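Colleague: I would like to learn how to read an interface and the empty spaces in a model. Can you take me through one?

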Amino acid sequence: MKPGSVAIVGAAESTQLGLVPQLSQIQLHADAALNALADCGLTPKDIDGLACAAEWPTELAHYLGITPTWVDGTMVGGCSFWLHVRHASAAIAAGLCSTVLITHGESGRSWVGTQATSINQSSLAGQFELPYGVLGAPTMFTVPVLRYMKEYGLTHEQLANVAVVQRQWAARNPRASQRDPITVEDVLNSRIIAWPFHILECCLVTDGGGALVLTSAERAADFPTRPVYVLGTGESVETPMISQMQDFTSSRAFRVSGAKAFAEAGLRHADVDHLMLYDAFAHLPIYGLEDLGFVGKGEAGAFIWEGHTAPGGKLPVNTNGGGLSYMHSGMYGMYALQESVRQLRGTAPAQVPGAEISVCHGVGGMFGASGTVVLGNQRP
Amino acid sequence: MSINPKTLPRPTPETRHFWEGARRGELLLQQCESCAKVYFPPRPFCPECASRNVRVIRASGRAILYSYVINHRLPKWIDAPYAIAVVELEEGPRMMTNIVDTPQTPEALVLDMPLEVVFEPVTADISLPKFRPARGGAR
């Protein structure tokens, strides 16, 4: 696909984020969708392509009154929305539809209108991981980190510092759930969840939603919003079992997805003004920085420690505060995409001055899947 | 460590041999007859070259501690923090497990320490392979 042939013209989060027990999960999708449509002056009748995860497109189409000619229900965890952006861009470029709505909503904290999912006991993960006392993401996603620490000398303080820096960004975002400054000592003294991880190195659990509207770059000029162009995209999957990840110090899905997105965009790392790296846990920005090639192997902990990703640093990362401090509904990816769009529109609360290129990168499952989107506010 | 029935493995036709081996006290892997790849978890074809010409082999039971976390957020059926570990078997594949017969602390659990398999019977049909610090007792 030619870089910049599709643009994001509508983007919004749900009216409220955090604790939203008055809305069910599908209404969080709808609330965000209506906000994103209002953002670009459309109604559900103008939408002919629909993508969502955690709810079937059938549910959303019926609920919102959409008659799509293209749907995508790809569900690979919290990075599903990057894949939706990628698939939607290809669909628009191929003429399968003209205006795509992508929605997310999750009652991750209040559990209203949603249902717990459990690991199938006859799947490979169910047979060969579940019996050993794994209890959700904090006990699985974290497992590779000690190996990384041993191989590359990452310290507990450097890991804790990831959360400290993201809190600095969150302090600049009025909608962030956690805004009070924290220190490395605060992180290391906080409750242990799954050693070596403390609660401040684990994501929040909140309610919320978000939605995007995409159309062709030609049509984008007719919208009231500043277009954010899709310059390059990538996606991949590796394994649903953390124990079977090929390399405990690097995600294959990150490397494949990232390389594809950079190649499609035809950009170099030095061109990137702003970076979002899905951070369900403190080690993810470290893996992300290295696997996407922003720093060399084993260098990310020191890179963050030196302040390069913090406010005023040369590579601003997770400027909304991330899943650690902004919000995390369970499938956080949509909020990372929203922040990239805000930065490129020039409307972010912690605005990076003159940001033109944003790379947004996500994870799904526990290093199970990945999506990368390179966005820009200048049409190539 | 007591076990919740909702976390017990449910063998499938492709994995039954593994669980039958575990019940006999044998750790079973598979090896491709075409490319010699040794692999886990079980499936009736080689994940490397897709050959269906594969055989079941018995592992030595020797392994090293590859990585782990110590879970402090306990379910109601478990009373103390426990390690969720990944070991690297002598034959190459890695598997998730628990480390037994040793304190569940960072001081006692040192990466790359040698381990050996033991089998913990949890039901009449299911014995879980777990690992303990090596005493030279594995096959």
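Modeller: Start with polar contacts. This is a predicted model. Across the interface of chain A and chain B there are 19 residue pairs in polar contact, both partners at pLDDT 80 or more.

Colleague: Which elements give two or more residues to the side of chain A that touches chain B?

Modeller: They are α4 (124-128), α5 (145-152) and β5 (192-195) of chain A. By residue class, that side of chain A divides into 21 nonpolar, 10 polar and three charged.

Colleague: How many salt bridges are counted between chain A and chain B?

Modeller: The count is two. In one of them, A:K150 pairs with B:D112. The closest N and O atoms of A:K150 and B:D112 are 2.6 Å apart.

Colleague: How should I read the size of an interface?

Modeller: Interface size is often given as the accessible area lost when the parts come together. Here, chain A and chain B bury about 3300 Å² between them. Carbon and sulfur atoms give 61% of that area.

Colleague: Which residues of chain A lose the most area to chain B?

Modeller: A:Q121, A:F128 and A:Y132 do. Together they make up 25% of what the chain A side buries. As for contacts, 34 residues of chain A meet 41 residues of chain B.

Colleague: Now the empty space. How is it found?

Modeller: A probe the size of a water molecule is rolled over the atoms, and this shows where empty space is left. In this model, take the second largest pocket, with a volume of about 560 Å³. Its lining has 21 residues, and the closest to its centre are A:Q244, A:Q246, B:K37, B:F40 and B:R43.

Colleague: How does the lining of the second largest pocket divide by residue class?

Modeller: Into 10 nonpolar, five polar and six charged residues.

Colleague: And closed spaces? How many cavities of 30 Å³ or more are there?

Modeller: The count comes to two. The second largest cavity has a volume of about 50 Å³.

Colleague: Which residues line the second largest cavity?

Modeller: A:V162, A:V165, A:Q166, A:P285, A:I304, A:T309 and A:V317. Helix α6 (residues 156-170) of chain A gives the largest share of this lining, three residues.

Colleague: What is the class make-up of the lining of that second largest cavity?

Modeller: Five nonpolar, two polar and no charged residues. Set that beside the second largest pocket, where six of the lining residues are charged.

How values were computed: Residues are numbered from 1 along each chain as its sequence is written. Chains are lettered from A and ligands numbered from 1 in the order in which they are written. This is a predicted model: local features need pLDDT of at least 70, side-chain atom pairs count only at pLDDT 80 or more; totals for chains, interfaces and linings use all residues. Side-chain values use heavy atoms; hydrogens and water are left out. On a 1 Å grid over the protein atoms alone, a cavity is a set of points where a 1.4 Å probe fits but cannot get out, and a pocket is an open set with protein on both sides within 12 Å along at least five of seven lines; lining residues have an atom within 4 Å of a point. Grid points are joined across faces, edges and corners, and a volume is the space filled by probe spheres set on the points. Ala, Val, Leu, Ile, Met, Phe, Trp, Tyr, Cys and Pro count as nonpolar, Asp, Glu, Lys and Arg as charged, and the others, Gly among them, as polar. Contact means heavy atoms within 4.5 Å. Buried area is the accessible area (1.4 Å probe) that two parts lose on being put together, summed over both. A salt bridge is a side-chain nitrogen of Lys or Arg within 4 Å of a carboxyl oxygen of Asp or Glu. A polar contact is a pair of N or O atoms within 3.5 Å; within protein, one must be able to donate a hydrogen and the other to accept it, and residues adjacent in sequence count only if both atoms are side-chain atoms. Helices (H or I, at least four residues) and strands (E, at least two) are DSSP runs, numbered from the N terminus.
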